[in-house]
Amino acid sequence: MQTRTLGQQLEVSALGLGCMSMTDIYGAAGDRAAMIALARDAHEEGVTLFDTAEAYGPFQNEDLLGEALEPIRDEVVIATKFGFGIDQETGARSGGTDSRPEHIRVVVENMLNRLRTDRIDLLYQHRVDPNVPIEDVAGAVRDLIASGKVKHFGLSEAGTETIRKAHAVQPLTAVQSEFSLFWREPERELLPLLDELGVGFVPFSPLGAGFLTGQIDENTVFEPGDFRNNVPRFSVEARRANMALVRVVRAVAERKGVTPAQVALAWLLAQKPWIVPIPGTNKVHRMKENLGAAAVELTADDLSEIARGAATIEVQGARLPEAVLKMTGL
């Protein structure tokens, strides 16, 4: 596995592993022992960046990852996220955000316990808190970095003004947001800003929540607990229309003898050398398929073909439910 550098000095595998789906969000959680084995298998395949959050569960995902990575802790980079109003005793959610500095400090102590480590390599604010100035958030993380409990600072789903303000207080190593051929909004303002500031970019949902794999169509039925049941982009009508984009990716994949998922991930890797996608899965064969994208080289002709095809398609449906979109900083 090739490596890439986020920010000025955080070296990670070119593809990371998003761990959210190991415990929830896409239906039933995976078997714990199997998910621990999957994380360790990913490391054997060359993955060094593992992404989690206190909100996944809550707490269950960090606890799972802590057990999985404990034997190889010094060989991996653990990224996690704070920022939601979650009772630290019960895990009950308030339904809003909470990035008060005093709350951040308590959350980080609990994260360290769950992750079975003495430091968090990359700590993100999960969502911008409208009630706490970002300068105060960045200052709190700066203090945690000074104490050695945190190594690097990141933001998730933050707008450009917020990124500039945070970076001025504590330099950012990475920004995380959705980005794929299925959602290209970051190309407009976010990527140019990160290039200017020297900040890495970690796209989540790099396969469009699975749509770009070509395994989902208008007839697909999601499990009752799957969040895609509530996403406008995954309505039957939207899926029917958006299959045009899958056909563009599939045409390149078939010609190159690879899978649509590998082409979609290779497209992301080809955009900037400081982009590190974090595809998630709870299936070993999908994990290995995704990691195979690092060896797929898209030629200038391949990229032009994708660009021409994508330019003729307007993706249908919002990427998230309206209530969730309001919680982003975008």
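These are my notebook entries on a predicted model, taken in the order I looked things up.

**Entry 1: the aromatic rings**

I began with ring pairs, and a search of the whole structure gave me six aromatic pairs. I looked at Phe182 and Phe234 before the others: this pair is edge-to-face, with 6.3 Å centre to centre and 80° between the planes. Where do these two rings sit along the chain? Phe182 is in the loop between strand S10 (174-178) and helix H6 (190-197), while Phe234 is in the loop between strand S11 (200-204) and helix H7 (236-256). The two are 52 residues apart, so I noted this as a link between distant parts of the chain.

I then checked whether they are buried or exposed. Phe182 has a relative accessible area of 2% and Phe234 has 3%. Buried means under 20%, so both count as buried.

Next I turned to Phe222, which also pairs with Phe234: edge-to-face again, 5.8 Å centre to centre and 80° between the planes. Here both partners lie in the loop between S11 and H7, so the pair ties together parts that are 12 residues apart in sequence. Phe222 is buried as well. Stepping back, I found that ring pairs link Phe182, Phe211, Phe222 and Phe234 into a cluster.

One more item for Phe234: Arg228 lies over its face, at 5.9 Å from the ring centre.

**Entry 2: Asp226**

I stayed in the loop between S11 and H7, which also holds Asp226. Its relative accessibility is 3%, so Asp226 counts as buried. What does Asp226 touch, leaving aside its neighbours within four places in sequence? I found contacts with Ile25, Tyr26 and Gly27.

**Entry 3: strand S11**

I moved on to the strand before that loop. Five of the five residues of S11 are buried, so the strand is largely enclosed by the rest of the structure. I sorted them by face: Gly200, Val202 and Phe204 are on one side, Phe201 and Pro203 on the other, and both faces are covered.

How does S11 run relative to S10, and how many bridges join them? They run parallel, and I counted five bridges. Within that pairing, Val175 stands opposite Phe201 in S11. I also followed the chain from S10 through H6 to S11, and this β-α-β crossover is right-handed.

**Entry 4: helix H9**

I closed with helix H9 (residues 284-291), whose buried residues are Met287, Glu289, Asn290 and Leu291. What covers them? I noted strand S3 (17-18), helix H1 (32-44) and helix H8 (260-271) among the elements that do.

Methods. Residues are numbered from 1 along each chain as its sequence is written. This is a predicted model: local features need pLDDT of at least 70, side-chain atom pairs count only at pLDDT 80 or more; totals for chains, interfaces and linings use all residues. Side-chain values use heavy atoms; hydrogens and water are left out. Buried means under 20% relative accessible area, exposed over 50%, partly exposed in between (1.4 Å probe, protein chains only). Helices (H or I, at least four residues) and strands (E, at least two) are DSSP runs, numbered from the N terminus. Contact means heavy atoms within 4.5 Å. Rings of Phe, Tyr and Trp (its six-membered ring) pair if their centres lie within 6.5 Å; planes under 30 degrees apart count as stacked, over 60 as edge-to-face and the rest as tilted. A charge sits over a ring if NZ of Lys or CZ of Arg is within 6 Å of the ring centre and within 35 degrees of the ring normal. Two strands pair if DSSP finds at least two bridges between them. A crossover is right-handed if, with the strands pointing away from the viewer, the path from the first strand over the helix to the second runs clockwise.
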